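Take a look at the protein chain shown here. Keep the 3D view open as you read, and find each element as it is named.

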Amino acid sequence: MKTLLIYLLFFVVLTLAAFKDPYHILGVNQGASKSEIQKAYRKLAKKYHPDVNKNSGAEEKFKEIVGAYEELTKEQAAPKPHQHSEGHHTFTEFYFNGQKFTFGNGRGRNERTTTHKDSPYLTVKRFEQEVLPDSYVNVHLVKVTSRWCFLCMEYDRVWPDIISHFKPYEIKFWELPYDSSDMRQKVSVYEIPSFLVIVSNRVYHFTKTLSLKNLENFIQSKITSHIAIEDVNDRSIDGFVGDFTDYKPKAIFVSPEFSFANAVAAFKFKNYYKYGYSPSSNENCKNIRQLLPSNHGLLIFKETYPAISRKTSDLSIEVLLKVLNSEKLLLLPKISSPDSFDRICKVSSFGISSISNSCVIFVLTSRSDYNAIRVQLQSGSLQLKRNYQFSFLYRDAQYAFVESLRPSDPSSNIVVLQRQSQKTARVAWTGTWEWGDQSKLYQLLKPVKLPSQSIELGEIVNENRASMLSYALEFLYYSSESILNQVHLISLHTWLTVMMLITLFFVPFFINNEQPAEEEAQQQQERYRRQATEEAQFQAAPDTQLMELTSSTVSVLLPESRSIISLLVIGDLSRPKDEVPLPVRVVSAKLKAICRTSRHPIGYVSHIKHEAWLVKMAKIAQSRLIQGSVIAVNYNKRYFYFFTPINTSSNSSLVNLQDRVTLWFERLCEGSLPKFYFDHIEYQHW
């Protein structure tokens, strides 16, 4: 029976292997030439490409074809040295199928030319200083390829088409060579070719079959997850547009579906608008459709609602960006943060006596003052002239800023401000205005002359800052999302390989299931006895003598002058033995035994004395700070690795903890652990 089971198992494995043979998938003989393989691949790829073949199994078939072709051509891509050569042979080009391919021409990596003039190479500096800050406004698309990947040649071929398709949407394009290890680790790229989409400081991996439609849908799904869009119909439009508690214009998209152009435009101006969407095919949106001549378009409402501030029936990306940019401020916008102050009151270079293009700020004391002004704007009894940039703020919320403007009278509530720089401005107070009298307003503004001397502006308080709970919820959401983004699609061929290995692993359990119960009980007792012996050894072990991280030992354990990795166990070993947690002693003893023959300095850092520094480091590593953790620090290069002794609440896990420490140290020596940088965190001497 056992023999029959083994034969059946290997028969199934051989059948699956034959069924997924790459030659069989491409329909060529095993002795086929390069040109025959390439010809068969092009024919099948054209037939089963998802853009051409809409059948349900076409996409999976296309993946099998691409995988088979890549497997057969993998060996052809690797250069082979001359059989009679001595030493290394340097070459800069090779030929395949009559085509010439060059790689570097003997120059350094930074001197390579990109495949398109609009997609520069992405470096760590550009990623941190340009891409991440700009990703809150614009979408960034990154192509990751290698010189030794034949499928990458197909990505390089369609890359200009992708750029020409997405360029009108103001998407930024980058190229990332796979051999750029530092940048590759930062964005967690582990396979090629691939595309990355960077939105709002988040990196997303595109894993579907490459086509313009799939890529467009993927980008749109990530964009819409970062903007709030409400469903608006005839019954809810009054409540949506009439709510000015957020002090933003209201933009309603009216179309059969929320398109890619709508999503990109909405994302670019998401900090300025409150968005709504009204399906043009919905019967409950009939009155909204009638506001547009073609039953679809964009509606923008401000304080003059129900009057429409701006509308357009053209939903092209160029028109949407232009309209949203021109209408992004209310007639009376609120100064509630440094960013809003910079947008409303821009730095000017006009003359001293002129107040054209100056900021006129209403200093309000309560919400009722704002409602009184808004009602007059809505009725048309108050019209704000365009040669002034009107705005308002609440005195109590921005008290320090208002006081820095040096009001001549505590009752004054209108100030004219012309900024000369980020920190200075010319300021003139006009007096007191009773909200509502339009003629009195311009009588106050007409005689104003700005002084020649500037004053220093106070700090603007950010009233829009989210609470700690909001930050925590956002962190949890995007942490789980980033983990899911690292899980790439696995081909059917890979799944079969995994299933075969799992089957081979479980076969011995079926064969040896007749083991006597007595023998199994003896083995269990032996395991318990061995585990108890090891626990007793640790309990009776003398105190581990390690160097403590202090102001006198910091030059040894955290040297800044040389690049070396130091191991610091988190815990206080200076206490009596019975007060030191067991995980701290286990980890310390194991690391001390491992590091006897290595050059890594080892010590311990008190979690009480250096709590602030350790908490910051653990936060960067997105891990918990518990006793028994280990920080492997390279203070010269400003990076570290982190080890956490999880599942150490019981003595039964001591043996497992030793194995985990050993495995972690081996991965540390290999350089395969995740690396964390701490450029702005300094160790403080205690």
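This report goes from the whole chain to helix pairs and then to single residues.

## The whole chain

The model is predicted. The protein chain has 686 residues, and 43% of them count as buried. Its secondary structure comes to 23 helices and 22 strands.

The protein chain exposes about 38,000 Å². Carbon and sulfur atoms supply 53% of that area.

Now take the contacts in the protein chain with a separation of 6 or more. Residues 24 or more positions apart account for 71% of these.

## Three helix pairs

Helices H6, H8, H10 and H12 appear in the pairs below. Helix H6 covers residues 150–166. Helix H8 covers residues 212–224. Helix H10 runs over residues 260–268, and helix H12 over residues 317–326.

| Helix pair | Axis distance and crossing angle |
|---|---|
| H6 and H8 | within 11 Å, roughly 50° |
| H8 and H10 | 10 Å, about 40° |
| H10 and H12 | within 9 Å, roughly 25° |

Start with H6 and H8. Their axes cross at roughly 50°, so the two helices are oblique to each other. H6 passes H8 in a right-handed crossing. From H6, Ile-162, His-165 and Phe-166 take part. They meet Leu-212, Leu-215, Glu-216 and Ile-219 of H8. By class, this contact has 5 nonpolar, 1 polar and 1 charged residues.

Next come H8 and H10. They pack at an angle of about 40°. This pair is therefore oblique too. The crossing of H8 and H10 is left-handed. On the H8 side are Glu-216, Ile-219, Gln-220, Ile-223 and Thr-224. On the H10 side are Phe-260, Ala-263, Val-264 and Phe-267. The contact of H8 with H10 counts 6 nonpolar, 2 polar and 1 charged residues.

Look again at Glu-216 and Ile-219 of H8. They meet residues of H6, and they also meet residues of H10.

How do H10 and H12 lie, roughly parallel or roughly perpendicular to each other? Their axes cross at roughly 25°. Angles under 35 degrees count as roughly parallel. H10 and H12 are therefore roughly parallel. H10 passes H12 in a right-handed crossing. H10 brings Ala-261, Asn-262, Val-264, Ala-265, Ala-266 and Lys-268 to the contact. H12 brings Ile-317, Leu-320, Leu-321 and Leu-324. By class, that makes 8 nonpolar, 1 polar and 1 charged residues.

Val-264 of H10 is worth finding in the view. It is part of the contact with H8 and part of the contact with H12.

## Backbone details in loops

Three loop residues stand out for their backbone.

Which peptide bond is cis, with omega near -10°? The one from Ile-192 to Pro-193. Pro-193 is found in the loop between helix H7 (181–186) and strand E5 (194–199).

Glu-170 has a positive phi of about 60°, although it is not a glycine. Its loop lies between helix H6 and strand E4 (172–177). Is Glu-170 buried or partly exposed? Glu-170 counts as partly exposed because its relative accessibility is 35%.

Arg-638 also has a positive phi without being a glycine, here of about 65°. Arg-638 lies in the loop between strand E20 (630–634) and strand E21 (639–643). Its relative accessible area is 14%, so Arg-638 is buried. The cut-off for buried is under 20%.

## Far in sequence

Two more pairs link separate parts of the chain.

Met-617 sits in helix H22 (residues 611–620). Met-617 is buried, with a relative accessible area of 0%. Met-617 and Tyr-641 are 24 residues apart in sequence. In space, they are 9.7 Å apart, C-alpha to C-alpha.

Ala-589 belongs to helix H21 (residues 582–594). At 28% relative accessibility, Ala-589 counts as partly exposed. Ala-589 and Gln-658 are 69 residues apart along the chain. What separates their C-alpha atoms in space? The separation is 9.4 Å.

Methods. Residues numbered from 1 in each chain as written. Predicted model: local features only at pLDDT ≥ 70, side-chain atom pairs only at ≥ 80, totals over all residues. Heavy atoms only, no water. Helix = DSSP H or I, 4+ residues; strand = E, 2+ residues; numbered from the N terminus. Buried < 20%, exposed > 50% of the residue type's maximum accessible area, 1.4 Å probe, protein only. Contact = heavy atoms within 4.5 Å. Areas by Shrake-Rupley, 256 points an atom, 1.4 Å probe, with all protein chains shown as cover. Axes fitted to C-alpha atoms, helices over the stretch in contact; angles between N-to-C directions. Parallel < 35°, antiparallel > 145°, perpendicular 65-115°, else oblique. Left-handed = near helix turned anticlockwise from the far one by under 90°. Nonpolar A, V, L, I, M, F, W, Y, C, P; charged D, E, K, R; others polar.
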